[in-house]
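Open the model in your viewer and keep the sequence panel beside it. The tour goes from salt bridges to empty spaces, one selection at a time.

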Amino acid sequence: TIAGNITHTNGDGVALFDRAMLEELESRSTVASTPWFDGPRTFEGPLASALLDAVGAQGSSLRVIALNDYSSDVPVADLRDFPVVFATHLDGEVMSVRDKGPLFMIYPFDESPELFNEVYFGRSVWQIARIEVIE
């Protein structure tokens with residue numbers, strides 16, 4: 001569910017996505033080392049920028065909220081400047097809640113080593129339930 005400052009909705013002021021709808025968006029595969037898994041892993045899913053475009057996001061920041069209500073505020077600029085993915089697959093397998101799914105926001109840590117730090121780790125929300133476009 002994406003809410004907030006968006007122009008394209010398919011619900012009562014929100015944009016609702018299922019897996020099939022997410023898979024229709026422009027996607028990317030990213031091989032990345034992370035602090036949460038041993039060794040580099042392959043993450044695949046829609047580009048975050050494609051998701052923003054699909055909902056007509058107008059804000060400068062996102063509040064990304066996990067199933068357990070953990071949230072992180074993420075600048076939209078991150079998603080425009082780097083090929084961030086909302087991973088739905090890990091090493092070719094659909095991500096379950098047990099494996100940090102159904103969506104895990106992954107930065108291209110190996111391609112852009114300057115992102116491999118606590119700031120971006122904190123923005124890499126897993127088990128994403130909803131996103132609010134703010135500001």
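A residue counts as buried under 20% relative accessible area, as exposed over 50%, and as partly exposed in between. Keep in mind throughout that this is a predicted model.

**Stop 1: Arg 63 and Asp 73**

Select Asp 73. Its relative accessible area is 39%, so Asp 73 is partly exposed. Now add Arg 63, which is also partly exposed, at 29% relative accessibility. The two side chains form a salt bridge, with 2.8 Å from N to O. Arg 63 sits in strand β4 (residues 61-66) and Asp 73 in strand β5 (residues 71-75), so the bridge ties together parts that are 10 residues apart in sequence.

**Stop 2: Asp 53 and Arg 80**

Next select Asp 53 and Arg 80. Here too the side chains meet in a salt bridge, at 2.9 Å from N to O. Asp 53 belongs to helix α2 and Arg 80 to helix α3 (residues 76-81), so this pair ties together parts 27 residues apart in sequence. Is Asp 53 buried, partly exposed or exposed? With a relative accessibility of 47%, Asp 53 counts as partly exposed. Arg 80 counts as partly exposed as well, at 43%.

**Stop 3: Asp 91 and Arg 41**

Move on to Asp 91 and Arg 41. Their side chains are joined by a salt bridge of 2.5 Å, N to O. This pair links distant parts of the chain, 50 residues apart: Asp 91 is in the loop between β7 (89-90) and β8 (93-94), while Arg 41 is in strand β3 (residues 41-46). Asp 91 has a relative accessible area of 38% and is partly exposed. For Arg 41 the relative accessibility is 22%, which also counts as partly exposed. The cut-off for buried is under 20%, so the 22% of Arg 41 falls in the partly exposed class. The count for the model comes to five salt bridges, and these three stops show some of them.

**Stop 4: the largest cavity**

Now turn to the space between atoms. Rolling a probe the size of a water molecule over the atoms shows where empty space is left. How many cavities of 30 Å³ or more are there? The count comes to one. About 30 Å³ of space lies in the largest cavity. To see its lining, select Ile 2, Leu 51, Leu 52, Val 55, Leu 62, Phe 86, Ile 131 and Val 133. Two elements, α2 (48-55) and β10, each give two or more residues to this lining. The largest share, three residues, comes from α2. Helix α2 was also a stop on the way here, as the home of Asp 53. Which kinds of residue line the largest cavity: nonpolar, polar or charged? The lining holds eight nonpolar residues, no polar ones and no charged ones.

**Stop 5: the largest pocket**

Finish at the largest pocket, which holds about 230 Å³ of space. Its lining is made of 14 residues; select Thr 1, Phe 17, Leu 22, Leu 103 and Ile 128, which lie nearest the centre of the pocket. The elements giving two or more residues to the lining are α1 (19-24) and β10 (128-134). Strand β10 supplies the largest share, with four residues. By kind, the lining of the pocket divides into nine nonpolar, two polar and three charged residues. Keep β10 selected before you close the viewer: this strand gives residues to the lining of the largest pocket and to that of the largest cavity.

Note on methods: Residues numbered from 1 in each chain as written. Predicted model: local features only at pLDDT ≥ 70, side-chain atom pairs only at ≥ 80, totals over all residues. Heavy atoms only, no water. 1 Å grid on protein atoms, 1.4 Å probe; cavity = no way out; pocket = protein on both sides within 12 Å on 5 of 7 lines; lining within 4 Å. Points joined across faces, edges and corners; volume = space filled by probe spheres on them. Nonpolar A, V, L, I, M, F, W, Y, C, P; charged D, E, K, R; others polar. Salt bridge = Lys/Arg side-chain N within 4 Å of Asp/Glu carboxyl O. Buried < 20%, exposed > 50% of the residue type's maximum accessible area, 1.4 Å probe, protein only.
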